[in-house]
Amino acid sequence: MEKITCFLPFINAEQVKPTIRELRKSLLVGKIYLLGTHTKETDFFGYDVLPVEHFASSHSMALIAENANTEFSLIYIKYTSLKLGQNALERFCQIASDTGAGMVYSDYYQAVGAKIKPLPTNDYQLGSVRDDFNFGSLLFFRSEHIRKSAAETTVEYPFAGLYNLRLKVSQYAEILRINEFLYTEAEQDTRKSGEKQFDYVDPKNREVQIDMEAACTDHLKKIGAYLSPNFKIADFNDSFPCEASVIIPVRDRVNTIAEAINSALRQKTNFDFNVIVIDNYSTDGTSELITKITGSDKRIIHIIPESRLLGIGGCWNVGIAHKNCGKFAVQLDSDDIYQDENTLQTIVNAFYEQHCAMVVGSYTMTDIKLQTIPPGLIDHREWTPENGRNNALRINGLGAPRAFYTPILREMKLPDTSYGEDYAMGLRISREYQIGRIYRSLYLCRRWEGNSDAELDIAKINANNAYKDKIRTIEILARQKECK
């Protein structure tokens, strides 16, 4: 009956005993190993303790592989307690056996204090290569694939061992979601979604990011989707009505649109520029306010699209197609502002200095009153000119403000969505051209209750993540085709 070997992170008795008791209720469970961080203990009341420096390291995965002697292995990745649903382990075994999947995961419940809420997960796909893909905390593997992964891992990953494991398993077999709620995990991180999304760019996580990038790059090479640093050079000889256009799509931002437009108009440059505002049928007085501002400055072009069904990407396509759009199209969201009066000049200079088709700057997170809030500066220093376009498939965004060489944007066109359209374009451009970077803050990104991503429910988070994973899937397929 013993089909499952279990591996749990271990700190102390109070932390691990409830999960051990829960697992021991099933006759399918054989040995339970504890991966103890910063401990010299090798035994805990009859349970083997495997001393490790970091639970998710490749050393930890090698120890798991060495001791994964049953058909399946369960890796629980949280330090809080696990409670299994009815016949949960039997269900994991059944699905894994029936399908031959290399890794199985499920939907789950999350317990925050006395409250329990359902947490559906997303289906895994080719493009689900981001290191923060949410499998939940119970990962169920076919043990032979863990052993194969360990045998083929020749690089020591201090932090990316678990990430490397699931990437390698995806090369051998299917990673399958069971869309059933099979367990409950205790959650202690109660921050809003908008507060969590920038954890990966926190400077203190820099070593982790480098490790994750190395694992992802190796994976892309293994699946034939890695691009070497050979780029086309953008030709800036085209003739345009002006050098640059600030593009502002907007809908229902009457409280912030004037500040956004004025921050663009205040730019000091040695070239002509205009501000193209694509007003997507606002209903709160935004349209009337834009009309009023337009009358005071001829550099503002106020466009109302023909279609009422456009997303942000569609509005961008309308803006860049306008006859007066400049050589470079520079992003400004309708509730944000440029850091100072030199932002536009700095961005345009970067195009010529770095010979790139797209430029991405850095920004500072603020509240509505422009007071800096955590994590402060978002500079995406994980980008390197040599490997940025490969690592871009691992992360969830490229940064802001974003600027494009208009002819390339007109040719490729943004997807007509209101989420991920800029990321999709960044991936597409980077397939052929270099993306330039500016690492000092150029932009103030304001967080307030009206922001579209300040606090999202799980359904919206999953939909957003699934869309970006689909974008990555499409891009990986395109790169595999190009690499053949």
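A residue counts as buried when its relative accessible area is under 20%. Keep that cut-off at hand for these exercises on a predicted model.

**Exercise 1. Work out how enclosed strand β11 is, and find its partners.**

Step 1. Locate β11 at residues 244–250 and check each residue against the cut-off: 7 of the 7 are buried, so the strand is largely enclosed by the rest of the structure.

Step 2. Sort the side chains by direction. In a regular strand, side chains alternate between the two faces of the sheet. Here A244, V246, I248 and V250 point one way, while S245, I247 and P249 point the other way.

Step 3. Look for the strands alongside. β12 (residues 273–279) pairs with β11 in the parallel sense over 7 bridges, and I247 stands opposite I276 in β12. Strand β14 (residues 328–331) also runs parallel to β11, joined by 4 bridges; there, V246 faces V330.

Step 4. Follow the chain from β11 through helix α8 (residues 257–265) to β12: together they form a right-handed β-α-β unit.

**Exercise 2. Decide whether K327 is buried or exposed, and list what its side chain meets.**

Step 1. Find K327 in the loop between α10 (312–321) and β14.

Step 2. Apply the cut-off. The relative accessibility of K327 is 10%, so this lysine counts as buried.

Step 3. Search for polar partners. A polar atom of the K327 side chain lies 3.0 Å from the backbone oxygen of F236. The K327 side chain also makes a polar contact of 3.5 Å with the side chain of Y352.

Step 4. Widen the search to contacts, leaving out residues up to four places away in sequence: K327 touches, among others, D238, A244, F404 and P407.

**Exercise 3. Test the length of helix α11 against the expected span.**

Step 1. Take the 12 residues of α11 (residues 343–354); at 1.5 Å a residue, the helix should span 16 Å.

Step 2. Compare with the model: the end C-alpha atoms are 16 Å apart, which agrees.

Step 3. Note the buried residues of α11, including L344, I347, V348 and F351. Just after the helix, H355 takes a positive phi of about 50 degrees.

**Exercise 4. Name the residues that touch the most other members of the largest nonpolar core.**

Step 1. In soluble globular proteins, nonpolar side chains tend to be buried together. The largest such core here has 107 residues, and I75, I261, F351, L398 and I429 touch the most other members.

Step 2. Inspect I75: beyond four places in sequence, its contacts include F7, F55, L139 and L165.

Step 3. Now look for a separate core: one of 35 residues lies apart, with L28, I32, F44 and L74 among them.

Methods
Residues are numbered from 1 along each chain as its sequence is written. This is a predicted model: local features need pLDDT of at least 70, side-chain atom pairs count only at pLDDT 80 or more; totals for chains, interfaces and linings use all residues. Side-chain values use heavy atoms; hydrogens and water are left out. Buried means under 20% relative accessible area, exposed over 50%, partly exposed in between (1.4 Å probe, protein chains only). Helices (H or I, at least four residues) and strands (E, at least two) are DSSP runs, numbered from the N terminus. Two strands pair if DSSP finds at least two bridges between them. A crossover is right-handed if, with the strands pointing away from the viewer, the path from the first strand over the helix to the second runs clockwise. The expected span of a helix is 1.5 Å times one less than its number of residues. A nonpolar core is a set of buried Ala, Val, Leu, Ile, Met, Phe, Trp, Tyr and Cys residues joined through side-chain atoms within 4.5 Å. Contact means heavy atoms within 4.5 Å. A polar contact is a pair of N or O atoms within 3.5 Å; within protein, one must be able to donate a hydrogen and the other to accept it, and residues adjacent in sequence count only if both atoms are side-chain atoms.
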